[in-house]
Amino acid sequence: MVDIAYAQGADKAAWLPLWHKYLEFYQQDLPAEVTDLTWGRFLNPDEHMYLLIARTGDEVTGFVSFMFHRSTWARGGYVYLEDLFVSEGHRGKGIARALIDGVTAQARELGAERVYWVTHTHNTNAQALYDKVATRTDFYTYHKVV
């Protein structure tokens, strides 16, 4: 049985190894200051960034981060699911789907009209799940360094 809940301050030590594995998967090396800033934003009620933690028993087995934002295309805004990760030994047990369902429920509470996310083309395992729970679009993702 998996339990999905908002992260609390005491969860950082259990979240951090999963966060580092997630960054490793995407070949990213963030400074510790950015990780600390991000963690602080998750816990700050004035921010619109959120972190849900998946627990299997007493073990943190996954996480999902998301943010609410307004949109020029919607009355109620959107939720962007930015990061989703399940520890390797717990994959295939419905945790990722439970995390997505958790975000969807929170999006409804926030009044969002859509939840959306992107993933890397090489992440075929995740795409297999995403194709079951969402509709894939033909949009491209662009990044602009400022």
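**Helices, cores and aromatic pairs in a predicted model**

Trainee: What phi does Gly 111 take, just after H3?

Mentor: This is a predicted model, in which local features need pLDDT of at least 70 and side-chain atom pairs count only at pLDDT 80 or more, while totals for chains, interfaces and linings use all residues. Residues are numbered from 1 along each chain as its sequence is written, and side-chain values use heavy atoms, with hydrogens and water left out. Helices such as H3 are DSSP runs of H or I with at least four residues, strands are runs of E with at least two, and both are numbered from the N terminus. Just after H3, the phi of Gly 111 is positive, at about 80°.

Trainee: How far apart are the end C-alpha atoms of helix H3?

Mentor: The expected span of a helix is 1.5 Å times one less than its number of residues. H3 has 16 residues (95-110), so it should span 22 Å. The model agrees, with the end C-alpha atoms of H3 separated by 22 Å.

Trainee: Against which elements do the buried residues of H3 pack?

Mentor: Buried means under 20% relative accessible area, exposed means over 50%, and partly exposed is in between (1.4 Å probe, protein chains only). In H3 the buried residues are Ile 95, Ala 96, Ala 98, Leu 99, Ile 100, Gly 102, Val 103, Gln 106 and Ala 107. Contact means heavy atoms within 4.5 Å. The packing partners are strands S1 (2-6), S2 (49-56), S3 (59-69), S4 (78-86) and S5 (114-116), and helix H4 (124-133).

Trainee: Which exposed residues sit on the face of H4 turned away from its buried side?

Mentor: H4 buries Ala 126, Gln 127, Leu 129 and Tyr 130. They cover an arc of only 165° (taken from the directions from the helix axis to the C-beta atoms), which puts them on the same side of H4. These buried residues pack against S4 and H3. The face turned away from them carries Asn 125 and Lys 132.

Trainee: Which element gives the most residues to the largest nonpolar core?

Mentor: A nonpolar core is a set of buried Ala, Val, Leu, Ile, Met, Phe, Trp, Tyr and Cys residues joined through side-chain atoms within 4.5 Å. The largest one has 21 residues, and Leu 84 and Leu 99 have the most contacts inside it. Two or more residues come from each of S2, S3, S4, H3 and H4. The top contributor, with 6 residues, is H3.

Trainee: How many residues does the other core have?

Mentor: Leu 84 touches Tyr 22, Phe 63, Val 64, Ala 96, Leu 99, Ile 100 and Tyr 130, leaving out residues up to four places away in sequence. Apart from the largest core lies another, with Ala 7, Trp 15, Tyr 22 and Ile 53 among its members, and its residue count is 16.

Trainee: Why is the pair of Tyr 22 and Phe 63 called edge-to-face?

Mentor: Rings of Phe, Tyr and Trp (its six-membered ring) pair if their centres lie within 6.5 Å; planes under 30 degrees apart count as stacked, over 60 as edge-to-face and the rest as tilted. The whole structure has 16 aromatic pairs. Tyr 22 lies in H1 and Phe 63 in S3, so the pair ties together parts 41 residues apart in sequence. The ring centres of Tyr 22 and Phe 63 are 5.8 Å apart, and the pair is edge-to-face because the planes are at 75°.

Trainee: Is Tyr 116, the partner of Tyr 80, buried or partly exposed?

Mentor: The rings of Tyr 80 and Tyr 116 have centres 5.0 Å apart and planes at 40°, so this pair is tilted. Tyr 80 has a relative accessible area of 19% and is buried. At 31%, Tyr 116 is partly exposed.

Trainee: What phi does Gln 27 have?

Mentor: Most residues other than glycine have a negative phi. Gln 27 is in the loop between H1 (12-25) and H2 (32-43), and it counts as exposed at 73% relative accessibility. Its phi is positive, near 55°.

Trainee: Over which residues is the pLDDT below 50?

Mentor: pLDDT is the predictor's confidence in each residue, from 0 to 100. The chain mean is 89, and 94% of residues reach 70 or more. One stretch has 1 contact in the model beyond near neighbours in sequence, and its pLDDT is below 50: residues 140-146.
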